[in-house]
Amino acid sequence: MEKLYVEGKRGLRGELVCHGAKNSVLPILAACAVTGQEVLLHNCPALTDVDISLQILAHLGCECRREGNDVAVDAGTLCCAQVPQPLMLQMRSSIVFLGALTARCGEACLTYPGGCDLGARPIDLHLDALRALGAQVTEEHGLISCSAPEGLRGASIALYFPSVGATENILIAASRARGRTVLTNAAQEPEVVDLARFLNACGANISGAGESTIVIEGVEDFHPCEFTVMPDRIEAVTFLAAAAITGSVLTVHKTDVDSLRAVLPIFLESGCQVTCQGDSVSLRAPERLNGVKMIRTMPYPGFSTDAQALVMAMLATAKGTSVFVENIFENRYKHAYELNKMGANIKTEGRMAVVEGVEGLTSCPVTATDLRSGAALLVAGLAAEGVTEIGHIFHIRRGYQSLWDDLNSVGAKIEQRD
């Protein structure tokens with residue numbers, strides 16, 4: 001099993017470039033299936049989750065090929081509407097194929113998705129939305145079957161929670177439905193906007209993405225397109241957190257600065273100097289950070305749940321007390337246990353975590369329990385005394401193309417070995 005060995009107490013200095021966004025490219029790849037056209041995606045990151053999506057598309061009959069960070073998908077050869085369980089279990093966002101296949105083929109058969117264990121993430125919103133669009137949905141023995149032999153039809157859909165995945169499933173499915181779909185209480189994440197841009201580039205008619213109400217006018221025909229995936233805002237936070245905890249100076253290029261507006265004030269409150277110019281963010285950290293009063297994870301434009309573990313690791317050595325309230329997932333503090341092994345002082349109860357900053361962390365073997373916890377442990381290891389060993393790094397590869405290579409290029413010393 002591969003592990004990372006992170007040498008601590010090394011300052012970072014230099015410039016890094018963000019790769020394409022994991023949370024954007026995965027629904028876009030699923031949406032390729034609904035278009036039935038040839039698509040060329042630029043800035044497509046080399047992630048294991050992307051590999052799984054491409055394997056799913058290939059299983060469905062699509063032709064896929066990658067050259068560097070460009071991925072071409074020809075969905076005109078799609079001939080199957082079933083995704084096998086081994087592929088479904090490897091990735092949570094695989095559920096988005098449900099809407100794409102139902103809209104394209106008039107049927108779909110999937111198993112329940114897998115992915116990181118962050119607590120209950122019910123898919124009832126996805127299934128209820130497809131029922132509203134006219135699909136017959138059955139669940140039996142772990143199988144989800146959708147049938148719409150006459151095609152989907154537009155509807156008014158109100159989500160009781162602005163779920164990103166459900167919003168994406170609705171956008172994809174309704175883009176090919178007959179008539180108009182009006183979606184209220186939609187997720188407003190930048191990745192949802194990117195998906196709508198992609199679908200519109202293929203000929204869809206979607207307006208209002210990024211707002212609470214989205215209107216989708218169904219179309220019959222799509223056309224080929226060339227599209228560039230947005231930069232990964234959580235990768236940008238990871239780079240900035242690594243610089244902040246090590247008292248470093250770092251500039252991150254090719255990022256979406258607007259999507260970081262809820263996170264950058266935390267860096268300012270902790271004592272960092274932050275400068276934004278164009279698509280670049282520069283950070284200069286003090287020798288030791290200050291604690292922050294309260295961080296509440298919320299749907300966008302609030303503080304992202306994906307950034308919570310990274311910022312918690314960053315503040316583990318800050319002066320004073322920081323408080324976190326996790327409002328999205330009830331099981332997203334597993335990294336706190338691993339950070340405490342390194343000498344952090346984090347107490348969790350329910351959805352709240354209290355971080356009493358310590359003067360320093362010490363290295364020890366730790367284990368990544370999910371994607372963001374793995375990245376958080378790497379961030380903590382950069383500031384710890386000695387060499388930190390991180391296991392289960394396959395979690396990190398799900399969402400980062402070359403995290404340790406990138407950090408090594410600006411002064412870190414991270415080795416990957418069996």
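How many residues does helix 1 have, and how far does helix 1 reach from its first C-alpha to its last? The views below start there and then move on through other parts of this predicted model.

**View 1. Helix 1, a mostly covered helix.** Helix 1 has 14 residues and spans 21 Å from its first C-alpha to its last, close to the 20 Å expected at 1.5 Å a residue. Of those 14 residues, 13 are buried. Once the helix ends, look for glycine 36, which follows with a positive phi near 70 degrees.

**View 2. The largest nonpolar core, with leucine 199 in the picture.** This core holds 77 residues, and those with the most contacts inside it are Leu98, Leu171, Phe198 and Leu199. Helix 1 (residues 22–35) supplies the largest share of the core, nine residues. Zoom in on leucine 199 and, leaving aside neighbours within four places in sequence, you will find it in contact with Ala31, Val34, Leu171, Ile172, Ser175, Ala204 and Ile206. Another core lies apart from this one; it has 74 residues, among them Met312, Leu371, Leu377 and Ile390.

**View 3. An open sheet of four strands, in the order 4-5-3-13.** The pairing in this sheet is mixed. Strand 4 and strand 13 (225–228) stand at the edges with a single partner strand each, so one side of each has no neighbour in the sheet. From one strand to the next, the twist averages 15 degrees. Inside the sheet, strand 3 (residues 38–42) and strand 13 run parallel and pair over four bridges. To find your way along this pair, start at valine 39, which stands opposite cysteine 225 in strand 13. Helix 1 lies across strand 3, strand 5 and strand 13, at about 165 degrees to strand 3. Helix 2 also packs on the sheet, where it touches strand 4 and strand 5, and its direction makes about 150 degrees with that of strand 4.

**View 4. Helix 2 and what covers it.** Helix 2 (residues 48–59) has 12 residues and reaches 16 Å from first C-alpha to last, close to the 16 Å expected at 1.5 Å a residue. Its buried residues are Asp49, Val50, Ile52, Ser53, Leu54, Ile56 and Leu57. As a reminder for reading such a pattern, an α-helix has 3.6 residues a turn, so residues three or four places apart point the same way. The cover over the buried residues of helix 2 includes helix 1, strand 4 (63–67), strand 5 (70–74), helix 3 (85–88) and helix 4 (97–105). Just after helix 2 comes glycine 61, with a positive phi of about 110 degrees.

**View 5. A second open sheet of four strands, in the order 21-22-1-23.** Here, too, the pairing is mixed. Strand 21 (365–367) and strand 23 (413–417) are the edge strands, each pairing on one side only. Neighbouring strands are turned by 25 degrees against each other on average, direction ignored. Strand 1 (residues 3–7) and strand 22 (residues 387–391) pair in the antiparallel sense over four bridges. Within strand 22, valine 387 is the bridge partner of glutamate 7. Helix 12 (residues 371–383) lies across strand 1, strand 21, strand 22 and strand 23, and runs at about 30 degrees to strand 1.

**View 6. Glutamine 308, a polar side chain in helix 10.** Is glutamine 308 buried or exposed? Glutamine 308 counts as buried because its relative accessible area is 0%, under the 20% cut-off. The side chains of glutamine 308 and glutamate 326 are joined by a polar contact of 3.0 Å. Beyond four places in sequence, the residues in contact with glutamine 308 are Thr297, Phe303, Phe324, Glu326, Arg332, Tyr333 and His335.

**View 7. Alanine 135, a loop residue between helix 5 and strand 7.** The loop that holds alanine 135 runs between helix 5 (124–132) and strand 7 (136–140). Alanine 135 is classed as buried because its relative accessibility is 7%, again under 20%. Not counting residues up to four places away in sequence, alanine 135 touches Thr102, Leu130, Ser147, Ala148 and Leu152. For a sense of scale, take valine 387 from View 5: its C-alpha and that of alanine 135 are separated by 54 Å, with the two residues 252 apart along the chain.

Key. Residues are numbered from 1 along each chain as its sequence is written. This is a predicted model: local features need pLDDT of at least 70, side-chain atom pairs count only at pLDDT 80 or more; totals for chains, interfaces and linings use all residues. Side-chain values use heavy atoms; hydrogens and water are left out. Two strands pair if DSSP finds at least two bridges between them. Helices (H or I, at least four residues) and strands (E, at least two) are DSSP runs, numbered from the N terminus. Axes are lines fitted to C-alpha atoms, for helices over the stretch in contact, and angles run from 0 to 180 degrees between N-to-C directions. Contact means heavy atoms within 4.5 Å. A nonpolar core is a set of buried Ala, Val, Leu, Ile, Met, Phe, Trp, Tyr and Cys residues joined through side-chain atoms within 4.5 Å. Buried means under 20% relative accessible area, exposed over 50%, partly exposed in between (1.4 Å probe, protein chains only). The expected span of a helix is 1.5 Å times one less than its number of residues. A polar contact is a pair of N or O atoms within 3.5 Å; within protein, one must be able to donate a hydrogen and the other to accept it, and residues adjacent in sequence count only if both atoms are side-chain atoms.
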